[in-house]
Amino acid sequence: MLMKNFFHSKKINYSVMYLTFLILAIVSKLYSIDFIYGINLSFYSVFLLLFVRLFGVPVSVVTALGIHALCVIGFDTFVWDMVPILEMLFIGLVAYIRRINNLVLWVLLFWVVIGTPISFLFYEHFVQDISRLKLTVLISMDITNGLFNAVIADMLLAYLPFNYWLQKQSRKKNKFKFSQFIFHTLIAVIIFPFMMNLAFNSWNMYETTKKDVSQIGLSQIQTINNAVKDWSEGDIQRLLLYNPIQQGHLEDIIHRHSTDESYGVIMTDENNRILASSDDSLRIREPFDWEGTNDIIEVSNNFYITLPNMNSTYSDVIMWNRGQFIVMEHASPLPIVTYVTFPISHYQEMVFHYFMEQFRLLVLFVVSVFLLSFIIKRYLVNVLRQLTTTTTDLPMKMQKNEPVEWPQSSVYEIDTLIHNFQQMWSNLNGIFQSSMKLNDKLKKQTDDLIKSEEELHKYAYYDTLTGLPNRKFFQNDLQNLLTKEQYLNEKIAIMFLDLNQFKQINDTLGHAMGDELLVIVSEKLRNVEDKRTKVFRLGGDEFVVLSKARNQEEIEQVGERILSIFTNTIKLNGVSLYVTSSVGVSVYPDDGVELDTLVKYADMAMYDAKEKGRNSLQFFNEAMKEDFTQRMEINNGLGEALEHSQFSLFFQPKIDAVSMEITSMEALLRWKHPKLGSVSPATFISIAEESGLILKVDKWGLLEACKQNKRWQEAGYRKVPIAVNLSAAHFYQDQLLEVIKEVLLESGLEPQYLQIEITESVFKKNIGSVQQTMNEIRSLGVKISIDDFGSGYSSLSHLINLPINEMKLDREFIKEIDLNPKKASMVKVIIDLAHTLGLKVVGEGVEREEELELLQEMKCDEIQGYLISKPVDGNEFVKLFRK
């Protein structure tokens, strides 16, 4: 895939560069930089030279011929103008035979051997009426243009990373030779300023010529017009009627005031018919059509340049040679127009003579550059090349003890450099022998480092206790699998598992025994491994199994193999333990394609398996995600609920089973979430216990319940105790007693009117500490009730030893008690036993009259349930008080 991307990228770069050069070549073929009198500069051959050096001869020849054909057919360029193509072909053939170090030298050779003779034949054959001077100038311009373009192309190839862009080389920066850099520097310092100076001077001559021509022309017109204005009106009329006498007078005036042969004078009527002229080739009465057959360039008001309309067989130089400067003016108020014409050829020759003088100097400068470059190469580059050759593979020469011949130079700096290299060679040769002695020592150290690295790798990627790959190994392995499986049509199962009740085993038998159990389980899990399944330990009692599978059935088979290792008891230090596991599974790509997503979903599925039963396997589904999301939202909202008073209290009365009067009430917490609406306590209480916020939630409920009871007492209602449920987590802290004292003090409620309800789960651990806390609470005068008796961890010993006042029978005992004699007998025994121990008994969840009547017969003390009243808010509960 990487190679495919590489070649695709290379093809794109090749196409972009080719199209760029193609467009630039066409534009430069059609448009050139025009200077004066037909002298212009074209960059067409720059791109042809770049084509042949970068894309090869076949591609370049086809491209150049295509450009030529396009310009001939579409833009009417000259069909035989093939010299740039021949130049490109010549350079391509030379590059095919040998390496080109200096492109300018080979282009110069082309012009000397091929370009100049072909250009001479071309101009002699296709350009008519060309003088020796113009021919020389045209050929000199072509040579100068060709060499100038060769210099530009050579610099671009030397300093721009074309080969890197075309991905022919890996380096972005080009390597160029010092001699090449010197040559380019000399060209830039000498030739470019010279050519700029030539261009500026030529342009100044051109501007000066236009100014002089304008002044001379206007002066002559004014002189002639003043002479004609002295004529009478009759003379003017006879002149306009082509009277020979008046025409003769007018011609005398023209010849008398136009003695300089560098210009001519023509006078016409308003219809542009010639009245008189200094040019004998023009006839009287013929129209002077100087605009219709020429290209007109307006220089200023009444000052124009006319160039003949010529086909593409003519050079711009010839076109300007046949052009004219024209100055015109109306002899107002006379209906006569006076023209003064200046042939451009006269001024063109002056500029061309100057150009040829400068060209000779240019040739001299170019020769000087080549000679100077040769001298520098002789005294600098050759010595540096010898030094490079000498210093190549010095370590190998040291090892073979070969003699080294150092070059000599008359340049002080280079000679000093060579001397420093000699000194360095001598010092290195001495050091080399010492380094050889260190090699063995370094080799030994390297072997030790490799061994240490292997150990570090093992510590980094493997669990030290079990030897299984660890969490980091798992993440890397899973990421690699996900990357590969994008191209393979297979599933990947991520199976999270942990040991159920491992913490109790650890706490009971000790951490050493817990570690031994983990090692035994790891060995059993290794039996699950094969070529497509691998086991990892994440930490603690958490393991993960990665398995590649073709379908769901294969994943389930791996899951059954995992669960099967926990079917038998595990003997640990003489103790037989029945250990189970909960396994959660997420599947790529069914459940996701990202590592974090799949891991999160497998973790959700594992906790769902724990809730649904031990030693079970659960696959992730969207319901788990929604449940998890809701739990997260509830967990995040608990803090806001406390801050923004989203909690409220509902109250359910407990009545005397005989008198049916309210004897106490239970405060029940309710939460209206701003987004989820009413959230069941069964849902948010367990989440609050997991997050640790239950302590704050219970404290809020305890305080609000006490305050409300106190307000009802102050309002004159019956003084009865209020029962508040507290989480078992309070009894594992040291602050419960102080919290109750603080609440009673703040609310002003007397202790005997507060009752704490606890579930049997409080007796799971630290029974001694729990009993002490309960005694301290009782000492305050606060009552304690066991809620949901018979549903959890309680035993008869708890009723005997713990300081409790009341027992609340769980709803499961009460439900349909009148229809189940065995259940009724059990409840009767519990009530009698509780009364014997001095405990009050409350029947919870009473919903039917039959249940109430039977509890009354069994002498149950208090009744609570929907038959009496469902939990209601404070306002509704007041109505119950009033009844």
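What is the handedness of the crossing of H22 and H23? I shall begin with that pair of helices and then turn to other parts of the structure. Please bear in mind throughout that this is a predicted model.

The crossing of H22 and H23 is right-handed. Helix H22 covers residues 694-714 and helix H23 covers residues 736-747; their axes come within 9 Å and cross at roughly 35°. On the H22 side, the contact involves Lys699, Leu702, Leu703, Cys706, Lys707 and Lys710. On the H23 side, the residues they meet are Val739, Ile740, Glu742, Val743, Glu746 and Ser747. Sorted by class, this contact between H22 and H23 holds six nonpolar residues, one polar residue and five charged residues.

A second helix pair may be set beside this one. Helix H3, residues 57-75, and helix H4, residues 83-97, have axes that come within 10 Å and cross at roughly 180°. H3 is therefore roughly antiparallel to H4. From H3, the contact draws on Val57, Ser60, Val61, Ala64, Leu65 and His68. From H4, Ile85, Met88, Leu89, Gly92 and Leu93 take part. The class division here is eight nonpolar and three polar, with no charged residues in the contact of H3 with H4. As a general remark, two packed helices are described by the angle between their axes and the distance between the axes.

I turn now to a single residue, Thr144, which is found in helix H6, residues 132-159. Is Thr144 buried or exposed? Its relative accessibility is 12%, so Thr144 counts as buried, the cut-off for buried being under 20%. If its neighbours within four places in sequence are set aside, Thr144 is in contact with Met195, Phe359 and Leu362.

Next, the strands. Strand S6, residues 303-308, pairs with strand S7, residues 324-330, in the antiparallel sense over four bridges. In this region, Tyr304 stands opposite Ile326 of S7. S7 also pairs with strand S8, residues 336-343, again in the antiparallel sense, over seven bridges. His330 has Val337 in S8 as its bridge partner. How many residues does the hairpin from S7 to S8 pass through? The hairpin joins the two strands through five residues.

Another sheet deserves separate treatment. It is an open sheet of five strands, in the order S10-S11-S9-S14-S15, and its pairing is mixed. Its edge strands are S10, 533-539, and S15, 616-619, each of which pairs on one side only. From one strand to the next, the twist averages 20°. Within this sheet, strand S14, residues 581-588, and S15 run parallel and are joined by four bridges. Gly584 stands opposite Gln618 in S15.

Which helix lies across strands S9, S11, S14 and S15? Helix H19, residues 595-612, does so, and runs at about 145° to S14. Two of the strands beneath discussion here have the ranges 491-499 for S9 and 542-549 for S11.

Finally, the protein as a whole. Its secondary structure comes to 29 helices and 24 strands. Of its 883 residues, 45% are buried. Among contacts between residues at least 6 apart in sequence, 65% join residues at least 24 apart.

Definitions and conventions:
Residues are numbered from 1 along each chain as its sequence is written. This is a predicted model: local features need pLDDT of at least 70, side-chain atom pairs count only at pLDDT 80 or more; totals for chains, interfaces and linings use all residues. Side-chain values use heavy atoms; hydrogens and water are left out. Axes are lines fitted to C-alpha atoms, for helices over the stretch in contact, and angles run from 0 to 180 degrees between N-to-C directions. A crossing is left-handed if the near helix is turned anticlockwise from the far one by less than a right angle, and right-handed if clockwise. Contact means heavy atoms within 4.5 Å. Ala, Val, Leu, Ile, Met, Phe, Trp, Tyr, Cys and Pro count as nonpolar, Asp, Glu, Lys and Arg as charged, and the others, Gly among them, as polar. Two strands pair if DSSP finds at least two bridges between them. Buried means under 20% relative accessible area, exposed over 50%, partly exposed in between (1.4 Å probe, protein chains only). Angles under 35 degrees count as roughly parallel, over 145 as roughly antiparallel, 65 to 115 as roughly perpendicular and the rest as oblique.
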